[in-house]
Amino acid sequence: MKEYRIYEQQSWWDISMHEYGTAEFATDLAVFNNSSPVENLVAGRLIFLPDYKPEKLVLLSMKNIPATGFDKLGEGAVNKPQGIDYWAISYDFIVS
């Protein structure tokens, strides 16, 4: 068994991909840590990883850590795309 500290915006699927090279163990990881597979994980939380055999060694040597989760975003938390393709008449601009 190995300890793992959760990174910002990670999900169980990210952790499974990072540690084992496949998302196959995501649900197992959640259950092993008395959690739900759809729970929003808190950065910095310490979890435990069972000793599964990694599928792909290439992902284990990655320097980038997968983190695809989303938090609840407040107004203005994310910069919306800009430009005529994204604007709505009478909402983002007025035609006169």
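A salt bridge is a side-chain nitrogen of Lys or Arg within 4 Å of a carboxyl oxygen of Asp or Glu. A search of the whole structure, which is a predicted model, finds two salt bridges. Before these are examined, the overall layout of the chain deserves attention.

The chain contains three helices and two strands. Followed along the sequence, these elements appear in the pattern β-α-α-β-α. The chain has 96 residues, of which 25% count as buried. About 7,200 Å² of the chain is exposed, and carbon and sulfur atoms supply 56% of that area. Contacts also show how the chain folds back on itself: among those between residues at least 6 apart in sequence, 66% join residues at least 24 apart.

The start of the chain offers an example of such a meeting of distant parts. Met1 lies in the segment before β1, the strand of residues 2–5. With a relative accessible area of 64%, Met1 is exposed, since a value over 50% is required for that description. Leaving aside residues up to four places away in sequence, Met1 touches Phe32, Phe48, Leu49 and Asp51. The C-alpha atoms of Met1 and Tyr52 are separated by 9.1 Å, although these positions lie 51 residues apart along the chain when counted as a sequence separation.

The next residue, Lys2, takes part in one of the salt bridges. Its partner is Glu19, and the closest N and O atoms of the two are 2.7 Å apart. Lys2 belongs to strand β1 and Glu19 to helix α1, so the pair ties together parts that are 17 residues apart in sequence. Are the two partners buried or exposed? Lys2 is partly exposed, having a relative accessible area of 41%. Glu19, at 12% relative accessibility, counts as buried, because buried means under 20%.

The other salt bridge joins the side chains of Glu39 and Arg45, with a distance of 3.5 Å from N to O. Glu39 counts as partly exposed at 32% relative accessibility. Arg45 is likewise partly exposed, and its relative accessible area is 25%.

Attention may now turn to helix α1, the home of Glu19. Just ahead of this helix, in the loop between β1 and α1, lies Ser11. Ser11 counts as buried, with a relative accessibility of 16%. Apart from residues up to four places away in sequence, Ser11 touches Leu41 and Thr68.

How many of the nine residues of helix α1 are buried? Seven of them are, so the helix, which spans residues 12–20, is largely enclosed by the rest of the structure. The buried residues are Trp12, Asp14, Ile15, Ser16, His18, Glu19 and Tyr20. After α1 comes Gly21, whose phi is positive, near 80°.

Tyr20 leads to another kind of interaction, that between aromatic rings. A pair of aromatic rings is described by the distance of the centres and the angle of the planes. The structure holds four aromatic pairs. In one of them, the rings of Tyr20 and Phe25 have their centres 5.2 Å apart and their planes at 70°, so the pair is edge-to-face; planes over 60 degrees apart are described in this way. Both partners are buried: Tyr20 has a relative accessible area of 4%, and Phe25 has one of 10%.

Phe25 also pairs with Tyr52. Here the ring centres are 4.3 Å apart and the planes meet at 15°, so the pair is stacked. This pair links distant parts of the chain, for Phe25 lies in the loop between α1 and α2 (26–32), whereas Tyr52 lies in the loop between β2 (46–49) and α3 (57–60), 27 residues apart. Unlike the buried Phe25, Tyr52 is partly exposed, with a relative accessible area of 30%. Through these ring pairs, Tyr20, Phe25 and Tyr52 are linked into a cluster.

Terms used. Residues numbered from 1 in each chain as written. Heavy atoms only, no water. Buried < 20%, exposed > 50% of the residue type's maximum accessible area, 1.4 Å probe, protein only. Helix = DSSP H or I, 4+ residues; strand = E, 2+ residues; numbered from the N terminus. Contact = heavy atoms within 4.5 Å. Areas by Shrake-Rupley, 256 points an atom, 1.4 Å probe, with all protein chains shown as cover. Phe/Tyr/Trp six-rings, centres within 6.5 Å; stacked < 30°, edge-to-face > 60°.
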